[in-house]
Amino acid sequence: MAELRAYTDGACSGNPGPGGWGVLLQATQDGTVVKERELSGGEAATTNNRMELLAAINALEALSKPSRITIVTDSAYVKNGVTGWIHGWKRNGWKTSAKKPVKNVELWQRLDEAQARHDVTWEWVKGHAGHPENERADELARAGMAPFKPDTAGSASGRG
């Protein structure tokens, strides 16, 4: 049986500012990549945390059937939120322990719903530390952000 892994990352130019998310989905068999898919997107005015969440959400929503998957993220916010904090938030009606509304609540709810269909293992890796798949997810996130950055919008041609 193939092993599924999704390497996810978010990027933001300014926080808030234009942002992007990226996902490198890999299916491996006996340690060899047998299938790969790349996803990316972005928004004009967002935050880094929203982009990190959207990367994980899009990785899970891209799976057409319930799957066993490992999500690899360099975001402690996403990993700690989805494996720990979310349980209390749900119990408290999506309020923090300080009784304040959870930030990005609609994305946390969407992530909670997306992961409910799957058997998900969450893994954290240090970002920008030479991890090839994480670096690729970062490249995809920056590519997703590019159309929303004022200095790059419409200027993709003529480079290279």
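Arg142 and Asp138 stand four residues apart in helix α4 (residues 132–145), so about one helical turn separates them. In this predicted model, the two residues form a salt bridge whose closest N and O atoms are 3.0 Å apart. The partners differ in exposure class: Asp138 is buried, at 7% relative accessibility, whereas Arg142 is partly exposed, at 43%.

**Salt bridges between distant parts of the chain**

The structure holds nine salt bridges. One of them joins Arg5 to Glu123, with 2.8 Å between the closest N and O atoms. Arg5 belongs to strand β1 (residues 3–12) and Glu123 to strand β5 (residues 119–124), so this pair ties together parts that are 118 residues apart in sequence. Arg5 has a relative accessibility of 15% and counts as buried, because buried means under 20%. Glu123, at 30%, counts as partly exposed.

A further salt bridge brings together the side chains of Glu61 and Arg110, at 2.9 Å from N to O. Here, too, distant parts of the chain are linked: Glu61 lies in helix α1 (residues 48–61) and Arg110 in helix α3 (residues 105–116), 49 residues apart. Glu61 is partly exposed, with a relative accessible area of 39%, and Arg110 is likewise partly exposed, at 32%.

The three pairs described are listed below.

| Salt bridge | Closest N and O atoms |
|---|---|
| Arg5 and Glu123 | 2.8 Å |
| Glu61 and Arg110 | 2.9 Å |
| Arg142 and Asp138 | 3.0 Å |

As to the location of the Arg142 and Asp138 pair, both residues are in helix α4. Elsewhere, Glu3, Arg5 and Glu123 are joined into one network by salt bridges that share partners.

**Packing of helices α2 and α3**

Two packed helices are described by the angle between their axes and by the distance between those axes. For helix α2 (residues 76–91) and helix α3, the angle is about 95 degrees and the axes are 11 Å apart. The two helices are therefore roughly perpendicular to each other, since angles of 65 to 115 degrees fall in that class.

On the α2 side, the contact involves Tyr77, Val78, Gly81, Val82, Ile86, Trp89 and Lys90; these meet Trp108, Leu111, Asp112 and Gln115 in α3. By residue type, the contact of α2 with α3 comprises seven nonpolar, two polar and two charged residues. Lys90 in α2 and Asp112 in α3 are the charged members, because Asp, Glu, Lys and Arg count as charged. Helix α3 thus takes part both in this contact with α2 and, through Arg110, in the salt bridge to Glu61 of helix α1.

Key:
Residues are numbered from 1 along each chain as its sequence is written. This is a predicted model: local features need pLDDT of at least 70, side-chain atom pairs count only at pLDDT 80 or more; totals for chains, interfaces and linings use all residues. Side-chain values use heavy atoms; hydrogens and water are left out. A salt bridge is a side-chain nitrogen of Lys or Arg within 4 Å of a carboxyl oxygen of Asp or Glu. Buried means under 20% relative accessible area, exposed over 50%, partly exposed in between (1.4 Å probe, protein chains only). Axes are lines fitted to C-alpha atoms, for helices over the stretch in contact, and angles run from 0 to 180 degrees between N-to-C directions. Angles under 35 degrees count as roughly parallel, over 145 as roughly antiparallel, 65 to 115 as roughly perpendicular and the rest as oblique. Contact means heavy atoms within 4.5 Å.
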